[in-house]
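Let's take a walk through this structure together, with the coordinates open beside the text. We will begin with a pocket and then turn to the way some helices pack.

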Amino acid sequence: MYKTSIKLKKMKFRKIIPCMTILFLVHVFSYAQKPSEIIKPDSINLKLIESLIKSKIDSVRISKGNLPMAYNDTLYKAASDHAKYLKKIKKLSHFQKDNPKKKTPANRVAFYGLKNTGVAENVAYTFIQTTIKNGNSKEYINSTYADVAGDLVTGWVNSPEHYANLINAEYSLTGVAVSFDKATKRIYAVQIFSSEK
């Protein structure tokens, strides 16, 4: 009788664990942010913006007959480093003048461990929850995650040099990172491109 009751308890416990796991996952994902969600500066999800940028760039590449680029951790580290640097200096640049080991995109990629490879870099910034005027005096506001990612990618697509990097079939690896300056409501984006060895 004792052994039977233990088996019953084990069986009940085994049934409870999967149910608890499912309930936990439903709870977690019910709070996950969506691309259409309004951005709250106090709890901004930078990873979501990075993911949306990468997805939109993959769509541009596919529309031109190119393959999507694979995510590369080393390129991501270099892009993230530079996105934080741009936030610090509050302007766009491809250079980190105060650090010779990270001065250029190639230096940064080598610093994080990917050596002897050609790289390219796109940088940009946009604002959230702020009225933006474009060249045609049209005003708009980036309110959602999708708005921000779309604005950054559209800017790159409309710039011949940046667009050339986006659709270059030789580039097969990428890292996309963003940083957020709460004081200015700017989101800085950096994408680094490279090819597999």
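**A pocket and two helix contacts**

The largest pocket holds about 290 Å³ of space, and since everything here comes from a predicted model, please read that volume as a computed value. Its lining is made up of 15 residues. If you would like to find its centre on screen, look for Tyr125, Tyr140, Asp151, Leu152 and Gly155, which lie nearest to that point. Which elements give two or more residues to this lining? They are β2 (119-127) and α5. Sorted by class, the lining of the largest pocket has 9 nonpolar, 5 polar and 1 charged residues.

Now follow α5 away from the pocket. This helix (residues 145-157) packs with helix α2 (residues 46-63) at an angle of about 45°, and their axes are 9 Å apart. That angle is why α2 counts as oblique to α5. The crossing of the two helices is right-handed. On the α2 side, the contact is made by Leu48, Ile49, Leu52, Ile53, Lys56, Ile57 and Val60. Facing them from α5 are residues including Tyr145, Val148, Leu152, Val153 and Trp156. By class, this contact has 14 nonpolar, 1 polar and 1 charged residues. Leu152 may look familiar: it takes part in the contact with α2 and is also one of the residues nearest the centre of the largest pocket.

Helix α2 has another partner to visit, helix α6 (residues 160-167). Here the packing angle is about 80°, with the axes 9 Å apart, so α2 and α6 are roughly perpendicular to each other. Ile57, Val60 and Arg61 of α2 meet Tyr163, Asn165, Leu166 and Ile167 of α6. The classes in this contact are 5 nonpolar, 1 polar and 1 charged residues. Ile57 and Val60 of α2 thus appear in the contact with α5 and in the contact with α6.

Note on methods: Residues are numbered from 1 along each chain as its sequence is written. This is a predicted model: local features need pLDDT of at least 70, side-chain atom pairs count only at pLDDT 80 or more; totals for chains, interfaces and linings use all residues. Side-chain values use heavy atoms; hydrogens and water are left out. Axes are lines fitted to C-alpha atoms, for helices over the stretch in contact, and angles run from 0 to 180 degrees between N-to-C directions. Helices (H or I, at least four residues) and strands (E, at least two) are DSSP runs, numbered from the N terminus. Angles under 35 degrees count as roughly parallel, over 145 as roughly antiparallel, 65 to 115 as roughly perpendicular and the rest as oblique. A crossing is left-handed if the near helix is turned anticlockwise from the far one by less than a right angle, and right-handed if clockwise. Contact means heavy atoms within 4.5 Å. Ala, Val, Leu, Ile, Met, Phe, Trp, Tyr, Cys and Pro count as nonpolar, Asp, Glu, Lys and Arg as charged, and the others, Gly among them, as polar. On a 1 Å grid over the protein atoms alone, a cavity is a set of points where a 1.4 Å probe fits but cannot get out, and a pocket is an open set with protein on both sides within 12 Å along at least five of seven lines; lining residues have an atom within 4 Å of a point. Grid points are joined across faces, edges and corners, and a volume is the space filled by probe spheres set on the points.
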